[in-house]
Structures are given as C-alpha cells and as structure tokens.
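Visitor: I should like a close look at the salt bridges in this structure. Which side chains do they join, and are those side chains buried or exposed?

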Amino acid sequence: MKGDLFSSQHVVQPAVAPGMSVENAKCIKYAVSGEMYARQGAMVAYRGDLVFERKGQGVGGMLKRAVTGEGLPLMAVRGQGEAWFAHEAQNCFIVDVEPGDQFTVNGRNVLCFDASLSYEIKTVKGSGITGGGLFNSVFTGQGRLGLVCDGNPLVIPVSAQAPVYVDTDAVVGWTTHLQTSLHRSQSIGSMLRGGSGEAVQLMFQGEGFVVVRPSELTPQKNQQH
C-alpha cells in the first residue's frame, strides 16, 4: 500500500523499552511487561499477550473527578505486549513523578499510569463545600503518568509573590508545594445583576506549577466524563 496514510509518520514502530511513550499528539503507547493501570475504555488497540481487568471502587479502583465527585473507573492491564490508549482525541502528555514529588491531578485528565505509582483521593484543601467539594487524586512514588487535555495545556509558574487564580472547571493539576483556597472575584452587586460567569476560582499560592486546560468544562462535556 502507498500514500500518506502509510508513511512513517503514521506507521507505529516496535517499542524499544518497557513503559509509556507518546505515540502521537492524541495517543499514548504503553509497552507492558507486568502490570499497569489505565482509564477504563481508553484502550484503542493492542498486540501481544495482555489481559484487561476492570477495577472496582476499592483501593486503586476509582478516581474522583473535580466538582461533581463522580468516579472514573480504572482497569489493570497485565502481561507482555503493547497497548495504545486515547480518549476522545484529546491531546496526550506524560508526567515523570520522582521520589519525593507529589502531583495532584483531576481524575478526568488521567489516561494511564505505572503500577509503581501510588495515589490517594483527597479533598482539595480550602475548597469548602462549593459544588459538593473538590476531589482530586494525589500521585506519589516513582513512575510515569499519562494525561489527556482538551487542547494544549498551559503550565503556569506560581510564586510567593504571584499567586495564580484558576477556574475550577479548567484546572488539570498542580505540583507539590502549592496551597489552595477558594477565591471570590465577583462582587455581590455583580452577582445580583446576573454575574460575569466567573464568580469563584481556585487560588494557588507558594512555589510550583499549575496546569490549566485552555477551555472550561461545558455542561455537555460534564455529562460525558
């Protein structure tokens, strides 16, 4: 066969080492040698001797997404082979978590991760009960974490002199040493007049980075995730 479709740009190459890599902007490849975890339903293709097992709501089974507290089911992938993961043609990125690191991420942005990583579902400090509370997952240990994002994310440095304010529907994740709290940027008078649609943000203070998607979560997307 000939044509652009069969060019080296699109034809996958065998993995050279175990673990995950970005296959292209919309897909992550994982060379499985043992066990790894992925968002349930995110596998688009595989080859080799792999078994996919649905995870329950126990330990390692459920990531709670921000605002609504709804769950993101996970699956364990075991065996020897290669698998490709994607979600709604969103852009894919990889985060390397090192010992001593802590990366907090919204469950809806998790695509796959190494079994060597540990995670814990936590309520975002300072978020109160707005929207039922903000639930994110905190990853620690050593390994790689594959993320998806609508568009190319913004990675914004945060310093003690320059806190950053992020819409709660746009935040993807943040690094270890940032403190969070809710910030109300809209006056009571503005709220009574119908508001600007930007009433409350998540404020980040300290030293680190916050990752933001370049769009807010729409009601339609909110129902799909």
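Guide: The following account takes the salt bridges in turn, with the places of their partners in the chain. The model is a predicted one, and a search of the whole structure finds six salt bridges.

One of them joins the side chains of Arg 78 and Glu 53, with 2.7 Å from N to O. Arg 78 belongs to strand S5 (residues 71-85) and Glu 53 to strand S3 (residues 43-54), so that this pair links distant parts of the chain, 25 residues apart. Arg 78 counts as partly exposed because its relative accessibility is 29%; Glu 53, at 37%, also counts as partly exposed.

Another salt bridge is formed by the side chains of Asp 96 and Arg 144, again with an N to O value of 2.7 Å. Because Asp 96 lies in strand S6 (residues 91-97) and Arg 144 in strand S11 (residues 143-149), the pair ties together parts that are 48 residues apart in sequence. Asp 96 is partly exposed, with a relative accessible area of 41%, and Arg 144 is partly exposed at 28%.

A further salt bridge brings together the side chains of Arg 213 and Asp 150, at 3.2 Å from N to O. Arg 213 is in the loop between strand S17 (208-212) and helix H2 (219-224), while Asp 150 is in the loop between S11 and strand S12 (154-158), so the pair ties together parts 63 residues apart in sequence. Buried means under 20% relative accessible area; Arg 213, at 5%, therefore counts as buried, and Asp 150, at 18%, counts as buried too.

Finally, salt bridges that share partners join Glu 35, Glu 53 and Arg 78 into one network.

Conventions
Residues are numbered from 1 along each chain as its sequence is written. This is a predicted model: local features need pLDDT of at least 70, side-chain atom pairs count only at pLDDT 80 or more; totals for chains, interfaces and linings use all residues. Side-chain values use heavy atoms; hydrogens and water are left out. A salt bridge is a side-chain nitrogen of Lys or Arg within 4 Å of a carboxyl oxygen of Asp or Glu. Helices (H or I, at least four residues) and strands (E, at least two) are DSSP runs, numbered from the N terminus. Buried means under 20% relative accessible area, exposed over 50%, partly exposed in between (1.4 Å probe, protein chains only).
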